[in-house]
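The following exercises concern the strand pairing, the nonpolar cores and the aromatic contacts of a single chain. Please work through each task before reading its solution.

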Amino acid sequence: MERSATGGAQRGATDGTERDDDGRGRTGRVLSGLAVAVGCVLFLGGFAWAALLYRPYTIPTDSMEPTIGRGDRILAQSISGDDVRRGDVVVFVDQAWGSSPMVKRVVGIGGDKIECCDRQGRLTVNGKPVEEPYLEAGGPASTTGFSATVPEGQLFLLGDHRTDSLDSRSHMADGGQGTVPRGAVTARVDATAWPFSRAGMLDRPASFAALPGGTSRPGPLVLITTCVVAGAVLILGGAAYGPLARRLTGRGKAAVPHG
């Protein structure tokens with residue numbers, strides 16, 4: 001009788017443990033499935049969002065060094081030309097400059113008087129000197145002097161590599177004092193994606209922020225990247241739960257003595 005009672009108690013304890021394990025396992029499976037589902041939404045949604053807003057471009061020249069190098073892969077947000085601000089690095093197509101997309105920095109908008117250089121070798125916008133930390137250290141803002149008044153609805157564009165850039169300075173005699181229409185802009189560069197050693201967001205120059213109109217706000221690229229990374233982590237974590245739980249359960253059972 002004692003043996004039977006003991007055996008019944010052991011079976012009851014074992015059944016309770018199995019029920020507890022089954023309950024915890026069911027909860028774990030539900031949570032892991034939910035993690036994978038949410039992860040898929042974030043991961044795929046992030047890529048879809050990026051595909052709608054951003055376009056990749058490869059830089060064929062060194063006219064934007066040191067900000068963007070030859071062969072760098074950039075991500076540019078599709079925007080209207082009306083959204084362009086001073087300091088933006090933009091992608092544009094103007095037949096007077098060529099049929100291929102070009103990448104330059106906007107230094108002047110409609111109504112601005114752009115001159116170079118002052119006694120310290122700086123570019124001036126409406127008489128105010130502009131510090132340009134993205135230029136090669138020690139050099140002037142331009143190796144040749146120039147002065148232009150930007151017509152309304154136009155943009156004055158310069159490459160960051162001022163000694164090796166064909167930009168508005170090279171088109172002063174084309175009409176419009178070397179400017180391009182706002183409508184020629186198709187996108188604004190937000191980041192360098194490749195190579196990894198140069199990857200990162202492009203800063204908005206503080207010197208342009210102090211001018212009327214300020215600078216543009218960065219696009220949602222950081223938020224999109226966060227969604228994609230978070231989604232990947234949730235998918236991998238949720239998918240790994242099942243095999244990991246079975247392995248841990250197997251080890252726990254192997255440690256229980258029999259007899």
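## Exercise 1: The open sheet

An open sheet is built from four strands in the order 7-6-5-8, with antiparallel pairing. The model is a predicted one, in which local features need pLDDT of at least 70 and side-chain atom pairs count only at pLDDT 80 or more, while totals for chains, interfaces and linings use all residues. Residues are numbered from 1 along each chain as its sequence is written, and side-chain values use heavy atoms, with hydrogens and water left out.

**Task.** State which strands stand at the edges of this sheet, and identify the residue opposite Ile114 in strand 8.

**Solution.** Strands are DSSP runs of E with at least two residues, numbered from the N terminus, and two strands pair if DSSP finds at least two bridges between them.

1. Strand 7 (128–130) and strand 8 each have a single partner strand, so they stand at the edges and one side of each lacks a neighbour in the sheet.
2. Direction ignored, neighbouring strands of the sheet are turned by 25° against each other on average, the axes being lines fitted to C-alpha atoms.
3. Strand 5 and strand 8 are antiparallel and are joined by four bridges. Ala148 is the residue opposite Ile114.

## Exercise 2: The nonpolar cores

**Task.** Determine which residues of the largest nonpolar core touch the most other members, and which strands each supply at least two of its residues.

**Solution.** A nonpolar core is a set of buried Ala, Val, Leu, Ile, Met, Phe, Trp, Tyr and Cys residues joined through side-chain atoms within 4.5 Å. Buried means under 20% relative accessible area, exposed over 50%, and partly exposed in between (1.4 Å probe, protein chains only).

1. The largest core has 16 residues, of which Val107, Ile114, Leu123, Phe146, Phe156, Leu158 and Phe208 touch the most other members.
2. At least two residues of this core come from each of strand 5 (113–116), strand 6 (123–125), strand 8 (146–149) and strand 9 (154–158).
3. A further core of 12 residues lies apart from it, including Val90, Phe92, Leu157 and Val185.
4. Beyond four places in sequence, Phe208 has contacts (heavy atoms within 4.5 Å) with residues including Arg86, Val107, Val130 and Tyr134.

## Exercise 3: The partners of strand 11

**Task.** Establish how many bridges join strand 2 to strand 11, and which residue is the bridge partner of Phe92.

**Solution.**

1. Strand 2 and strand 11 (residues 185–194) run antiparallel and are joined by six bridges; Gln77 stands opposite Arg188.
2. Strand 3 (residues 89–92) pairs with strand 11 in the antiparallel sense over three bridges, with Val185 as the bridge partner of Phe92.
3. Strand 12 (residues 200–201) forms a hairpin with strand 11, with five residues between them. Thr192 is opposite Gly200 there.
4. Seven of the 10 residues of strand 11 are buried, and the strand is mostly covered.

## Exercise 4: Aromatic pairs

**Task.** Describe the geometry of the pair Phe43 and Phe47.

**Solution.** Rings of Phe, Tyr and Trp (its six-membered ring) pair if their centres lie within 6.5 Å; planes under 30 degrees apart count as stacked, over 60 as edge-to-face and the rest as tilted.

1. The count comes to four aromatic pairs.
2. Phe43 and Phe47 are edge-to-face, at 5.0 Å centre to centre with 70° between the planes. Both lie in helix 1 (residues 2–53), four residues apart.
3. Phe43 is partly exposed because its relative accessibility is 27%, and Phe47 is likewise partly exposed at 48%.
4. Phe92 and Trp97 also pair edge-to-face, at 5.3 Å and 85°; both are buried.

Key. Axes are lines fitted to C-alpha atoms, for helices over the stretch in contact, and angles run from 0 to 180 degrees between N-to-C directions.
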